[in-house]
Amino acid sequence: MELKILTFPDRFLKTKASPVTDIDGSLQKLIDDMAETMYRAPGVGLAAIQVGVDKSLLIYDINPSDDDQRRLRVLINPRIVTSEGEILSENEGCLSVPDFRADVKRAERILVEAVDREGRPLRFEAEGLPAIVLQHEIDHLDGTLFIDRISALKRQMYARRIKKKMRSGNE
Ligand code: NI
């Protein structure tokens, strides 16, 4: 089932996710629904907060549009253990921030710990694009959007544009 993706300025996007305590059938169903939603968008990542669920869960796939290259990755209770270096994530975007892209400074390499959908512990390093996607999605679980990491001026310009659009849509 495709889920509704919340968009800025929905206040739920500022929620800090709660740890997952049970990997049960309802969580598996949520993961499947999130995957369907992400691939349909298409997007490279989706955090549970974005579909209105207060759980520390994210999915990602850096090849969402290529059926042969697709590989869904599921991280439960993910956390960045260490990060190093700096790269510019060019033209970063987000399914919850429609019609806007911006450059964002991100760590170049990160070490991540999480649990997979079978409950097995994971610990791995990510570099480059996967590292950027993971930082972006883990930010969502902390109530942070990528526009919180750009200049206030650019963020306000976007916020004004969205408010104007919402007003004209409500008339
Ligand atoms: Ni996003």
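Student: Where does Pro 9 lie, and how do you know?

Tutor: Pro 9 lies in the segment before α1, which spans residues 25–40. Helices and strands are DSSP runs (H or I for a helix, at least four residues; E for a strand, at least two), numbered from the N terminus, so the position of Pro 9 can be read against the limits of α1. This is a predicted model, in which local features need pLDDT of at least 70 and side-chain atom pairs count only at pLDDT 80 or more, whereas totals for chains, interfaces and linings use all residues. Residues are numbered from 1 along each chain as its sequence is written, and side-chain values use heavy atoms, with hydrogens and water left out.

Student: What is the peptide bond from Phe 8 to Pro 9 called, and which omega goes with it?

Tutor: The bond from Phe 8 to Pro 9 is cis, with omega near 5°. A cis peptide bond also joins Ala 41 and Pro 42, where omega is about -15°, and Pro 42 sits in the loop between α1 and β1 (45–47).

Student: Why is the pair of Phe 100 and Tyr 158 called tilted?

Tutor: Rings of Phe, Tyr and Trp (its six-membered ring) pair if their centres lie within 6.5 Å, and planes under 30 degrees apart count as stacked, over 60 as edge-to-face and the rest as tilted. The structure holds 3 aromatic pairs, and in the one formed by Phe 100 and Tyr 158 the centres are 4.7 Å apart, with 40° between the planes. The distance is within 6.5 Å and the angle is neither under 30 nor over 60 degrees, so the pair counts as tilted.

Student: Which parts of the chain does that pair tie together?

Tutor: Phe 100 belongs to strand β5 (residues 97–106) and Tyr 158 to helix α3 (residues 152–170), so the pair ties together parts that are 58 residues apart in sequence. Ring pairs also link Phe 8, Phe 100, Phe 146 and Tyr 158 into a cluster.

Student: Are Phe 100 and Tyr 158 buried or exposed, and how do you know?

Tutor: A residue is buried under 20% relative accessible area, exposed over 50%, and partly exposed in between (1.4 Å probe, protein chains only). Phe 100 has 16% and Tyr 158 has 1%, so both values fall under 20% and both residues count as buried. Lys 16, in the segment before α1, has 55%, which is over 50%, and therefore counts as exposed.

Student: What is notable about phi at Asn 91, and is Asn 91 buried or partly exposed?

Tutor: Asn 91, in strand β4, has a positive phi of about 55° although it is not a glycine. Its relative accessible area is 47%, so it counts as partly exposed.

Student: What makes a residue a donor of the nickel ion, and which protein donors are there?

Tutor: Donors are N, O and S atoms within 2.8 Å of the metal (3.2 Å for Na, K and Ca), and water is not among the atoms, so sites may look incomplete. The protein donors here are Cys 94 (SG), His 136 (NE2) and His 140 (NE2), which lie 2.1 to 2.2 Å from the nickel ion, so they fall within the 2.8 Å limit. Of these, Cys 94 in strand β4 (residues 87–94) and His 140 in helix α2 (residues 129–140) link parts of the chain 46 residues apart. Cys 94 has a relative accessible area of 11% and is buried, as is His 140 at 0%.

Student: How do you know which residues line the largest pocket?

Tutor: On a 1 Å grid over the protein atoms alone, a pocket is an open set of points with protein on both sides within 12 Å along at least five of seven lines, and lining residues have an atom within 4 Å of a point. By that rule 23 residues line the largest pocket, and Val 44, Glu 92, Gly 93, Cys 94 and Arg 101 lie nearest its centre. β4, β5 and α2 each supply at least two residues of this lining.

Definitions and conventions:
1 Å grid on protein atoms, 1.4 Å probe; cavity = no way out; pocket = protein on both sides within 12 Å on 5 of 7 lines; lining within 4 Å.
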